[in-house]
Amino acid sequence: MPRDVRLLTEPIEPAAEQFAFAMAHPAAGGIASFLGQVRCDEGVEALELRHYGPLTLPGMEALADQALERWDLDGLLVIHRSGRMFPGDAIVLVAAAARHRRDAFAAAEFVMDHLKSESWFWKRELAEGGWRWIEPRRQDFDDIARWN
Amino acid sequence: MSARLVFLGRLEDVAGTSQLDVAVGPLQRVLATLDPNLAVALLEDRVRVALNGALLSERGGIVLEDGDELAFLPPVSGG
């Protein structure tokens with residue numbers, strides 16, 4: 001299956017997912033992948049991602065379709081967590097399999113930039129005993145602008 | 001007959017709940033029945049709305065009907 005897009009409320013198992021993806025695309029010349037984890041920031045005890053069922057997964061699927069249309073890919077894997085996580089936990093895993101490496105690198109980066117700035121997730125962190133909502137970052141909008 | 005409002009992100013904190021069942025009717029009339037702080041937060045320009053899972057380009061003229069779900073979506077904070 002060329003497109004595997006999932007929204008998980010249980011932990012992502014990156015090694016198992018990457019292995020399975022590589023096995024599913026033995027003919028690809030290369031696979032580029034990105035694994036995002038909860039950063040170990042001083043004082044941050046936990047991170048919580050919230051999503052909105054009717055929009056979040058459909059938006060991820062539409063994003064994957066855009067990448068498949070734009071680059072010549074054998075397969076694309078997009079897995080995103082929702083729910084409560086702790087430093088070191090996997091938040092997102094993106095992998096692109098392609099005949100040539102540039103398509104794989106570009107597609108994976110395109111998907112990541114769009115997930116970071118446009119996908120329907122709201123994030124809050126627990127620090128010093130209180131939850132605080134995270135506002136959008138300017139950098140994320142700059143990152144996405146270069147794909148236009 | 002009721003409709004449901006859904007509050008995402010920090011709007012949940014403002015509302016004190018993630019969803020609220022309200023009477024059907026024009027959205028303006030529904031908002032007028034809410035806590036003024038919440039109504040102001042919901043009306044902010046950067047807050048988008050989705051009716052039954054479909055994003056609306058503008059919110060003028062929304063009339064809630066029985067079973068409708070209207071979600072208020074503040075700017076996303078990234079995955």
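This is a guided tour of a predicted model with two chains, moving from chain A to the contact between the chains and then to chain B.

Residues are numbered from 1 along each chain as its sequence is written, while chains are lettered from A and ligands numbered from 1 in the order in which they are written. Because the model is predicted, local features need pLDDT of at least 70 and side-chain atom pairs count only at pLDDT 80 or more, whereas totals for chains, interfaces and linings use all residues.

**Chain A as a whole**

Begin by selecting chain A and colouring it by secondary structure, where four helices and eight strands appear; helices (H or I, at least four residues) and strands (E, at least two) are DSSP runs, numbered from the N terminus. Followed along the sequence, the elements of chain A come in the pattern β-α-β-β-α-β-β-β-α-β-β-α. The C-alpha trace of chain A spans about 50 × 35 × 30 Å along its principal axes. Its radius of gyration is 16 Å, which agrees with the value near 15 Å for a compact globule of 148 residues; this radius is taken over C-alpha atoms, and the globule rule is 2.2 Å times the number of residues to the power 0.38.

Of the 148 residues in chain A, 33% count as buried, a residue being buried if 20 or more other C-beta atoms lie within 10 Å of its own, exposed if 12 or fewer, and partly exposed in between, with C-beta atoms placed from the backbone. Among contacts in chain A between residues at least 6 apart in sequence, 78% join residues at least 24 apart; two residues are in contact if their C-beta atoms, placed from the backbone, lie within 7 Å.

**Helix α3 of chain A and its two partners**

Next, select α2(A) and α3(A), whose axes come within 10 Å and cross at roughly 150 degrees. That angle makes α2(A) roughly antiparallel to α3(A). Here axes are lines fitted to C-alpha atoms, for helices over the stretch in contact, and angles run from 0 to 180 degrees between N-to-C directions; angles under 35 degrees count as roughly parallel, over 145 as roughly antiparallel, 65 to 115 as roughly perpendicular and the rest as oblique. The crossing of α2(A) with α3(A) is right-handed, a crossing being left-handed if the near helix is turned anticlockwise from the far one by less than a right angle, and right-handed if clockwise. To see the contact, show L63(A), A64(A) and A67(A) on α2(A) together with A107(A), F110(A), V111(A), H114(A) and L115(A) on α3(A). These residues divide into seven nonpolar, one polar and no charged, where Ala, Val, Leu, Ile, Met, Phe, Trp, Tyr, Cys and Pro count as nonpolar, Asp, Glu, Lys and Arg as charged, and the others, Gly among them, as polar.

Keep α3(A) (residues 101-118) and add α4(A) (residues 138-145): this pair packs at an angle of about 140 degrees, with axes 9 Å apart. α3(A) and α4(A) are therefore oblique to each other, and their crossing is left-handed. On α3(A), the contact is made by D113(A), H114(A), K116(A), S117(A) and E118(A), and on α4(A) by D140(A), F141(A), D143(A) and I144(A). The residues of this contact comprise two nonpolar, two polar and five charged.

**A loop residue in chain A**

Now centre on E128(A), which lies in the loop between β7 and β8 (130-133) of chain A. Its phi is near 50 degrees, a positive value in a residue other than glycine. E128(A) counts as exposed, with 8 C-beta neighbours inside 10 Å.

**Where the chains meet**

Show both chains: 21 residues of chain A are in contact with 12 residues of chain B. On the side of chain A, the elements that give two or more residues are α2 (53-70), β6 (90-98), α3 and β7 (121-127). The residues on that side divide into 12 nonpolar, three polar and six charged.

**Chain B**

Finally, select chain B, which has three helices and seven strands in the order β-α-β-β-α-α-β-β-β-β. Buried residues make up 27% of its 79 residues.

Within chain B, go to V49(B) in strand β4 (residues 48-51). V49(B) is partly exposed, with 19 other C-beta atoms within 10 Å. Leaving aside neighbours within four places in sequence, V49(B) is in contact with L56(B), R59(B), L70(B), A71(B), F72(B) and L73(B).

The last stop is N52(B), in the loop between β4 and β5 (54-55) of chain B. N52(B) is not a glycine, yet has a positive phi of about 50 degrees, and with 12 C-beta neighbours inside 10 Å it counts as exposed.
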